[in-house]
Amino acid sequence: MSIKITGTGSFIPSRIEKNEDFYNNEFLNADGSAINSPNEVIVEKFKAITGIEERRYIKPELLNSDIAFYAAEKAIANSNIDKETLDYIIVAHNYGDVRHDAEQSDTVPSIASRVKHLLEIANPKCVGYDLLFGCPGWIEGVIQAKAFIASGIAKRCLIIGSETLSRVVDKHDRDSMIYSDGAGAVIIEESTEEGGIISHESATHALEEANFIFFGETNHPESNDPRRYIKMHGRKIYEFALTNVPLALKTCLDKSEYSITDVKKILIHQANEKMDEAIVKRFYKLHDMDMPEGIMPMTINTLGNSSVATVPTLYDMILKGKLEHQEINKGDVILFASVGAGMNINAIVYKQ
């Protein structure tokens, strides 16, 4: 028996926010002081570092649970299963349902319960729960589903990564340009085919690193805004990721029966183009190799960073021929990997 992904789906919002749309923002430093550069220069530097040219935001009437449902519907249809046979619905997110222009996140009932309701699944033994694990949440959900199936607790699971970061960004913070909205989903189940999930690695670094990503006040010192927004210590995250993620990838690969030359694709969380490239280069350097061309597909330039949704969305797009010059074929060995708030890291070796 293997444990494989048998269906995928994603939801990419239709609203496009281009870099030029930020030219009129009042960007400020974390201490509220002015930035001595025009916005055109700030945005150009941002693009050079992150690779982001545009990102996607959901429409005002939509919620995170809505787009999670849309991705789930597509994954269920793609796998051609009866939705009533699902044993678990695991939804990775970080901020719940945040309504447009609202001050508070809504997490009761869980996003998973809302998705189950929208899917109109009647079976009470289909259990839904949410997973908060930073950007690596969807990969961690896949790891948990694999454990459920391997232990006999479940036979079929729906794992969703969905986030609406446009609802939790501070418009006075340059980092607000990084974040976007989106959802990706997969069906995971027992299979008689070979391959599937081969090995995994997970870690939480929290002694010094717990607050590298956090909720904080707006950068505007004279604002009466009561809301709190996603904030991060970018340089610390960059250094942490470059040190720890390549080692986690190597450990994960070492646990499998495959070598570095077997790996066809690395689907890494779309956090920052230069950071992701540096991580993968260091991973190959650990094997005394140069990073192969085309090994690391990217969507961040047009979709931005949608947290838990980036990896499943990337995977779905490649499988469905929506990413130019990229493909994954049956029998290919691929790596899923992510890093994010916690600070958490995880990886999976998967054979298509």
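This is a short talk on one cavity and one helix in the structure above.

First, the ground rules. The model is predicted, so local features need pLDDT of at least 70 and side-chain atom pairs 80 or more, while totals for chains, interfaces and linings use all residues. Residues are numbered from 1 along each chain as its sequence is written, and side-chain values use heavy atoms, without hydrogens or water.

Now the cavity. A search of the whole structure gives one of 30 Å³ or more. By cavity I mean a set of points on a 1 Å grid over the protein atoms alone, where a 1.4 Å probe fits but cannot get out. Its volume, the space filled by probe spheres set on the points, is about 80 Å³. The lining has 13 residues, each with an atom within 4 Å of a point. I12, D181, L303, S306 and T313 lie nearest the centre. β9 (181-191) and α8 (310-319) each give two or more residues. α8 gives the most, three. Helices here are DSSP runs of H or I, at least four residues; strands are runs of E, at least two.

On to helix α1, residues 39-50. How far apart are its end C-alpha atoms? They are 16 Å apart, which agrees with the span expected for twelve residues at 1.5 Å a residue; that span is 1.5 Å times one less than the number of residues. N39, I42, V43, F46 and T50 are buried, meaning under 20% relative accessible area with a 1.4 Å probe, protein chains only. They cover an arc of only 95 degrees around the axis, which puts them on the same side of α1. The arc is taken from the directions from the helix axis to the C-beta atoms. After α1 comes G51, with a positive phi near 85 degrees.

How values were computed:
1 Å grid on protein atoms, 1.4 Å probe; cavity = no way out; pocket = protein on both sides within 12 Å on 5 of 7 lines; lining within 4 Å. Buried < 20%, exposed > 50% of the residue type's maximum accessible area, 1.4 Å probe, protein only.
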